[in-house]
Amino acid sequence: MEDKYEAVIGLEVHAQLQTASKLFCGDSIAFGAKPNSHVSPITLGHPGTLPKTNKKAVEYAIKLGLACNCEIEENNYFARKNYFYPDLPKGYQISQHTTPICKGGFVKIKTTEGERNVQLNRIHMEEDAGKSIHDRDDDYTCVDLNRAGTALVEIVTEPDLHSSDEAYQYVTELRRLVRWIDICDGNMEEGSLRCDANVSVRLKGEKKLGTKVEVKNLNSIRNVKKAIDFEIQRMINIIENGGTITQQTRSFDASNDTTFSLRDKEEANDYRYFPDPDLAPFHLTKDFINKIQSSLPTLPNQLIHQYQNEFGLSDYDAAQLCDEKHTADFFQSTIQFTQHYKAVANWITGPIRQYLNEHHLSFETILLSPKTLAELIKIVDDGKVNFSVASSHLLPLLMKENKDPLQLAEELNLLQVSDSNELEEWVNEAINKMSDKVVEYKKGKKGLIGLFVGEVKKLSKGKADPKIVTALLQEKLK
Amino acid sequence: MQVTDTTIDNLAHLARLRFNEDEKGSIKKDLQNMIAFVEQLKEIDTTGVEPLLHMSDTENVLRDDVIKGSISREDALKNAPLKDEEFFKVPTVIKK
Amino acid sequence: MFSFQSIKNYQTFLAENSDGCSVAVNHYLSEIEKNKHLNSFLEVFAAEALQSAKELDAKRKAGKPLGKLHGVLIALKDVICYKDHQVSASSKILTNFTSIYNATAVEKLLAEDAIIIGRNNCDEFAMGSSNENSAFGIVKNAIDETRVPGGSSGGSAVAVQAGLSMISLGSDTGGSVRQPADFCGVVGLKPTYGRVSRYGLIAYASSFDQIGIFANTVDDAALVLEIIAGADDFDSTASEQKVPFYSSELKEEKKSYRIAYFKQALEHPGLDKEIASSIQTYIQTLKDAGYIVETVDFDLLNYIVPTYYILTTAEASSNLSRFDGVKYGYRADLNKEDDLTELYKKSRSEGFGKEVQRRILLGTFVLSSGYYDAYFTKAQQVRRMLCDQTKKIFEEYDAIISPTVPTTAFKIGEKSDDPIEMFLADIYTVYANLVGIPGISIPLFKHSNGMPFGLQVMTKHFDELSLLSLSKQMMQLKP
């Protein structure tokens with residue numbers, strides 16, 4: 001980006017709340033159902049039907065507000081946002097647009113430039129629209145109202161982001177947060193987390209905001225970054241060529257990482273908001289809010305600090321453990337059985353995570369019990385099995401079935417051999433096998449020791465204690 | 001305020017209604033008269049009066065997060081003007 | 001020859017006649033047929049009603065416990081949803097629409113063994129005061145067929161007036177039950193806002209609408225109210241307040257009610273002189289009978305209609321957005337190149353009648369950006385002031401009386417197309433909807449022109465017991 005410009009970005013993220021039923025009626029919100037099978041007369045907007053607010057959705061919204069340091073509004077209302085679209089059955093959306101349940105707040109992000117707080121404007125509840133499917137039929141748009149009425153929270157930032165990287169970090173952090181407090185599964189591909197970006201550019205130092213453009217259809221965090229990058233460049237190009245930016249809504253085209261215009265903002269609708277007379281206002285007591293506050297788990301950033309301070313874990317390890325609550329939970333559970341914090345972190349972020357990825361599993365569904373992991377760590381620490389054998393031979397089996405690791409090692413004849421006499425046999429064999437390398441080693445290529453250790457490892461089927469082997473080799477090859 | 005054809009056109013579009021020339025003339029008059037009629041309210045001093053947003057005596061009416069009340073797809077599509085076995089159908093929104 | 005005086009008498013009749021329900025249904029079906037020209041009914045559920053009657057007669061014979069409305073024939077205004085039955089709000093835009101659920105009020109009636117006899121004609125979407133705005137023809141006043149029955153629940157009023165049903169449920173947003181009751185000489189009750197669930201009532205103005213009851217007697221209205229009132233899981237605005245046993249707790253003995261009436265109301269220039277003087281005389285009758293009746297100043301009287309106008313059209317404009325030709329209802333014939341906007345505009349313009357379109361447009365204006373504060377917010381502030389003033393009145397008084405309508409039933413086609421003139425005729429009734437209090441019109445009077453007219457009684461919120469008691473007492477204290 002040309003250095004003389006700065007970008008100003010605001011993000012609107014919609015998160016679908018993981019309640020069992022919709023915001024204003026009892027239809028299920030489960031994803032992937034057959035079209036128009038999770039609907040009721042209320043969802044369909046049949047004449048005479050009325051909404052009734054889902055208590056759980058309110059709790060979830062408050063949870064998120066508290067996690068984002070927002071001020072929670074005690075007197076709550078819903079308004080009607082009136083417009084016509086086939087997937088909007090009532091011809092209006094019930095929304096808290098005018099009276100959000102959470103005001104202000106911030107989300108901490110970390111970029112290459114350091115840490116900072118992204119200021120939020122608000123979080124409010126609203127109902128989702130259905131789905132319009134345009135490519136199923138040449139002449140018609142097909143409408144599926146399963147999704148209509150699902151509870152959403154809309155999280156709106158102030159125009160407080162200044163780069164695509166910040167935007168990337170923000171959405172990443174927000175996604176982690178909503179999953180952490182268990183209110184949303186953060187699945188952008190399925191649409192349970194959606195992001196719209198408002199982008200503008202201005203000359204550095206300029207106080208006035210440039211004309212902003214809204215970009216939609218950003219269905220992955222990477223695409224958020226790409227779209228913003230494209231937009232910023234597009235806008236700068238226009239300005240540099242003497243043109244002016246038109247306020248409009250654009251859509252991201254993932255096939256070529258560009259954006260195209262959907263409609264000009266001049267067609268902006270007059271939504272004629274007014275308080276919904278069908279819904280009683282609801283007042284949140286301090287008691288109610290406090291109860292929800294105390295039900296919140298320790299949030300990721302706090303936990304990271306805790307891990308660093310209490311357990312001496314590195315920045316990286318602590319962050320890795322806290323990328324997801326299930327990972328942190330697993331760590332928490334394991335350290336109930338052992339104090340080898342660093343080892344636990346290593347196992348979790350290393351071999352265990354690798355295994356889970358390869359097998360398309362997660363810490364949510366992991367079969368390995370924290371207790372078993374602790375025991376595994378212990379036998380490695382005690383020298384009974386070396387780390388290499390433990391991770392490549394024992395772990396895969398324990399991931400499928402929890403057994404006593406020591407017993408398993410014994411059964412499989414994987415106990416580490418530390419007896420010098422036993423080891424000497426293998427060491428001698430290795431030296432004999434690789435006599436030419438021995439010559440080179442003696443000539444000065446000390447790095448070759450790793451080769452010999454590796455050979456002993458092979459000969460011993462991994463059981464040789466590498467530390468003792470190394471010492472023996474060094475002695476013999478003097 | 002003066003009610004013009006544009007006023008009517010904008011309102012009609014917002015409400016997805018359409019008026020022919022005659023109807024437009026008559027509706028313009030109606031709107032003009034209504035405005036004059038309700039302007040009477042300006043005579044009342046409402047400073048400091050909270051707008052009344054809700055009529056009922058109910059408050060904090062919240063329901064438990066329970067799945068119930070869904071109907072069959074057949075019933076859902078029963079009254080649809082145009083449909084197939086799964087969807088409601090409308091003229092394409094995005095022209096090809 | 002079957003004749004109906006009251007539900008109580010009817011139930012005695014049933015106890016003595018094993019085929020009583022069937023007799024009653026047959027009687028009413030024949031009366032409905034004879035009076036088809038009144039156009040009170042859009043649809044008669046003849047076969048079903050006969051079937052229900054048979055089943056109910058059998059139930060009685062078998063000695064099973066009987067519902068409180070056992071065998072009572074009830075008609076529903078065409079804005080109340082009855083599962084698997086058509087409902088159209090008397091509008092083309094809901095032609096052939098079949099409701100897929102029951103209004104809560106209907107569920108309650110059915111649970112008490114009532115028989116739903118049919119659906120009554122009304123002004124389209126309950127917008128009107130004469131039943132001349134129906135897509136399915138006008139309704140005629142049975143006492144004088146050249147006159148309107150009132151509206152919007154004209155069909156319901158006539159159903160009870162002409163003996164076509166024992167009871168009819170209507171809806172009242174600005175007087176749509178009380179005014180036709182007045183024009184037709186029957187009892188018409190609008191409960192407190194939130195007393196009866198609105199779930200299943202096609203919405204006109206959400207903060208004004210209530211299902212109301214047409215009956216021949218105050219006792220009957222009381223019984224039906226007892227059944228349909230109460231909290232509802234599906235309606236967030238339905239009150240949790242306990243429902244009294246109105247029918248048995250009605251007090252017939254005179255209680256010294258303190259009754260107020262608005263000075264400005266009886267002095268209103270639009271009020272028919274004979275109505276004014278009849279009511280003045282009746283006030284004296286009440287005083288002579290021991291009631292305390294006093295005038296109260298009500299300086300906001302002239303502002304209630306504009307306030308009502310703004311708020312109801314605003315809410316209606318939004319409530320009627322769902323009629324878009326997408327999921328149900330009328331969809332216009334489209335050409336190949338017609339897009340979505342065409343779909344909406346054609347369907348809605350062809351499906352909605354003129355009056356409905358007018359009100360939608362006005363409501364859209366009132367809510368639109370730039371005018372919202374000047375009109376909508378202002379009206380809500382005035383509404384608050386009206387509520388506050390009303391509260392004060394009921395600290396001093398138990399009831400308010402007034403004329404129900406400034407005139408008796410007018411001739412069909414007589415009322416001009418002037419919407420403001422029509423609205424001004426609602427001046428006495430809209431007050432109760434604005435402040436949410438219950439109101440009733442009781443048929444006390446007969447005009448020298450041959451038409452009936454009533455007295456309107458109102459009490460404070462949720463005090464239907466006093467309302468019904470006082471009404472019954474007044475019905476026994478004929479002018």
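## Exercises around chain C and its partners

The side chains of C:Asp233 and B:Lys68 meet in a salt bridge, at 3.5 Å from N to O. Here a salt bridge is a side-chain nitrogen of Lys or Arg within 4 Å of a carboxyl oxygen of Asp or Glu. Before we start, note that this is a predicted model, in which local features need pLDDT of at least 70 and side-chain atom pairs count only at pLDDT 80 or more, while totals for chains, interfaces and linings use all residues. Residues are numbered from 1 along each chain as its sequence is written, chains are lettered from A and ligands numbered from 1 in the order in which they are written, and side-chain values use heavy atoms, with hydrogens and water left out.

### Exercise 1: the side of chain C that touches chain B

Describe the interface of chain C and chain B, and find which helix of chain C gives the largest share of its side.

*Solution.*

Step 1. Begin with contacts, meaning heavy atoms within 4.5 Å. On this rule 69 residues of chain C touch 52 residues of chain B.

Step 2. Turn to buried area, the accessible area (1.4 Å probe) that two parts lose on being put together, summed over both. For chain C and chain B this is about 5200 Å², with carbon and sulfur atoms giving 68%.

Step 3. Look at the polar side. Four salt bridges cross this interface. A polar contact is a pair of N or O atoms within 3.5 Å; within protein, one must be able to donate a hydrogen and the other to accept it, and residues adjacent in sequence count only if both atoms are side-chain atoms. Between chain C and chain B, 20 residue pairs are in polar contact, both residues being at pLDDT 80 or more.

Step 4. Now assign the elements; helices (H or I, at least four residues) and strands (E, at least two) are DSSP runs, numbered from the N terminus. Helix 14 (372-396) is among the helices of chain C that each supply at least two residues to the side touching chain B. The largest share, 11 residues, comes from helix 14 of chain C.

### Exercise 2: C:Asp233 and chain A

Which residue of chain A forms a salt bridge with C:Asp233? Place that pair in its interface.

*Solution.*

Step 1. The partner is A:Lys52, with the closest N and O atoms 3.1 Å apart. The interface of chain C and chain A has three salt bridges.

Step 2. There are also 18 residue pairs in polar contact between chain C and chain A, both at pLDDT 80 or more. Helix 11, helix 12, helix 13 and helix 14 of chain C each supply at least two residues of the side that touches chain A.

Step 3. The contact takes 40 residues from chain C and 31 residues from chain A. The area buried between these chains is about 2900 Å², of which carbon and sulfur atoms give 59%. In chain C, C:Ser236, C:Ser318 and C:Arg322 lose the most area to chain A, together 20% of what that side buries.

### Exercise 3: an arginine in helix 13

Is C:Arg359 buried or exposed, and what does its side chain meet in a polar contact?

*Solution.*

Step 1. Locate the residue: C:Arg359 sits in helix 13 (residues 354-367) of chain C.

Step 2. Apply the cut-offs: buried means under 20% relative accessible area, exposed over 50%, partly exposed in between (1.4 Å probe, protein chains only). C:Arg359 is buried because its relative accessibility is 7%.

Step 3. The side chain of C:Arg359 makes a polar contact with that of C:Tyr204, at 2.6 Å. Beyond its neighbours within four places in sequence, C:Arg359 contacts C:Met127, C:Gly128, C:Tyr204, C:Thr313 and C:Phe423.

### Exercise 4: helix 5 and helix 6

How many residues of helix 5 of chain C are buried, and what do they pack against?

*Solution.*

Step 1. In helix 5 (residues 154-161) of chain C, eight of the eight residues are buried.

Step 2. Those buried residues pack against several elements of chain C, including strand 1 (41-44), strand 4 (167-172) and helix 6.

Step 3. After helix 5 comes C:Gly163, whose phi is positive, near 65 degrees.

Step 4. Continue to helix 6 (residues 178-184) of chain C, which contains C:Gln179. C:Gln179 is buried, with a relative accessible area of 3%. Leaving aside neighbours within four places in sequence, C:Gln179 contacts C:Ser129, C:Gly150, C:Gly151, C:Thr404 and C:Val405.
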